[in-house]
Amino acid sequence: MEEQARKEKFQERIDKGEKIEPKDWMPDRYRQQLIRMMSQHAHSEIVGMLPEGNWITRAPSLRRKMVLLSKVQDEAGHGMYLYSATETLGISREEMIDQLLSGEAKYSSIFNYPTLTWADVGIIGWLVDGAAIINQTMLARSSYGPYSRAMIRICKEENFHKKQGYEMVATMAEGTPEQQEMVQESLNRWWWPTLMMFGPHDDESPNSAELLKWDVKQKTNDELRQSFVDRHVAEAHAVGLEIPDPELEFNEETGHWEFGEIDWDEFWNVIRGNGPMNRERMNARRQAHEEGQWVREAAEEYARKQKLKEEKAS
């Protein structure tokens, strides 16, 4: 009865719009769901550096190289913010990273697709970061305080990333016939995987109901996906690009764009580790982890010596 009373009191706080802080009592399931979701978000930021980082040395100008370097650096920072926020739930960063490297933890399915041309860098900034903004703006109002606060800065930086990506896309769409063809081909490849980023339909999602109940999320997967489509169809048409969906049609009554069905077999196949780049992404992360072992050991030794020095001084 005491446990049930605590859960009811907790839900009352959620319903009032109060923030839950690390030292507050929370149901174990709430903590587990947050660890799963926040660590997955952190992993996605870190793995998400790889598709674009691949193009830093091949950027077509110094300006583009500087912007891309800055963006990839931002993504690393986002991962660090989120790992730190997740640690407030009682899990160590080492444990989270071990879960990623072992395949136990997931990251966003979108980063398991290859970046084949320079146009992909612009399309990722426009579409993928655009999808992230729609999702993360909602998370900035999350019921868990550390997650909510971490998202405020991340959303500001992601908004810059989207604008930068759209500027690249618009420049290519107004460029030579070859550039126009390249950016349209890139949009054709990335459109559907980006729609998959929001997750399965609401009636098939195993976690949405709890996350909505606890105000970790305020909108469903399908609502977020619809917001993305409505916004990005208009932006595509503004620069003369066509959405690769023959079923796309504007509904005058609802005021929304209706779109075709997603290939969910492809989505689940990627989630299970069988996407075009799953193995390459994980191999890259494992290699980076192994090669960085000496840095972690040096940092730990330095911290140990500093602690001894402080103890002797006191």
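## Helix α5, two pockets and a nonpolar core

In α5, M96, Q99, L100 and L101 are buried. Buried means under 20% relative accessible area, exposed means over 50%, and partly exposed lies in between (1.4 Å probe, protein chains only). Helices are DSSP runs of H or I with at least four residues, numbered from the N terminus. This is a predicted model: local features need pLDDT of at least 70, side-chain atom pairs count only at pLDDT 80 or more, and totals for chains, interfaces and linings use all residues. Residues are numbered from 1 along each chain as its sequence is written, and side-chain values use heavy atoms, with hydrogens and water left out.

The buried residues of α5 pack against α2, α4 and α12. Contact here means heavy atoms within 4.5 Å. G103 follows α5, and its phi is positive, near 90°.

### Pockets

α5 also helps to line a pocket. It gives six residues to the second largest pocket, the largest share of that lining. α4, α12 (278-291) and α13 (293-313) are also among the elements that each supply at least two residues there. A pocket is an open set of points on a 1 Å grid over the protein atoms alone, where a 1.4 Å probe fits, with protein on both sides within 12 Å along at least five of seven lines; lining residues have an atom within 4 Å of a point. Grid points are joined across faces, edges and corners, and a volume is the space filled by probe spheres set on the points.

| Pocket | Volume | Lining residues | Nearest its centre |
|---|---|---|---|
| Largest | about 1,100 Å³ | 46 residues | R36, Q40, S44, S108 and M197 |
| Second largest | about 500 Å³ | 17 residues | R93, I97, R285, H289 and R296 |

The lining of the largest pocket divides into 21 nonpolar, 15 polar and 10 charged residues. For the second largest pocket, the split is nine nonpolar, two polar and six charged. Ala, Val, Leu, Ile, Met, Phe, Trp, Tyr, Cys and Pro count as nonpolar; Asp, Glu, Lys and Arg count as charged; the others, Gly among them, count as polar.

### H78 in α4

H78 sits in helix α4 (residues 62-87). H78 is buried, with a relative accessible area of 0%. Its side chain makes a polar contact of 3.5 Å with that of E158. A polar contact is a pair of N or O atoms within 3.5 Å; within protein, one must be able to donate a hydrogen and the other to accept it, and residues adjacent in sequence count only if both atoms are side-chain atoms. Beyond four places in sequence, H78 touches E45, I154, E157, E158 and H161.

### The core and the α6–α7 loop

The largest nonpolar core has 77 residues. Such a core is a set of buried Ala, Val, Leu, Ile, Met, Phe, Trp, Tyr and Cys residues joined through side-chain atoms within 4.5 Å. Y30, Y144, Y147, W191, F228 and L241 touch the most other members. α6 gives the most to this core, with 11 residues.

S143 lies in the loop between α6 and α7. S143 is buried, at 3% relative accessible area. The side chains of S143 and Y30 share a polar contact of 2.9 Å. S143 and K19 are 124 residues apart in sequence, yet 5.0 Å apart in space, C-alpha to C-alpha. Among the residues that S143 touches are W214, D215 and V216.

D215 is in the loop between α9 and α10. D215 is partly exposed, with a relative accessible area of 23%. Its phi is near 65°, a positive value in a residue other than glycine.
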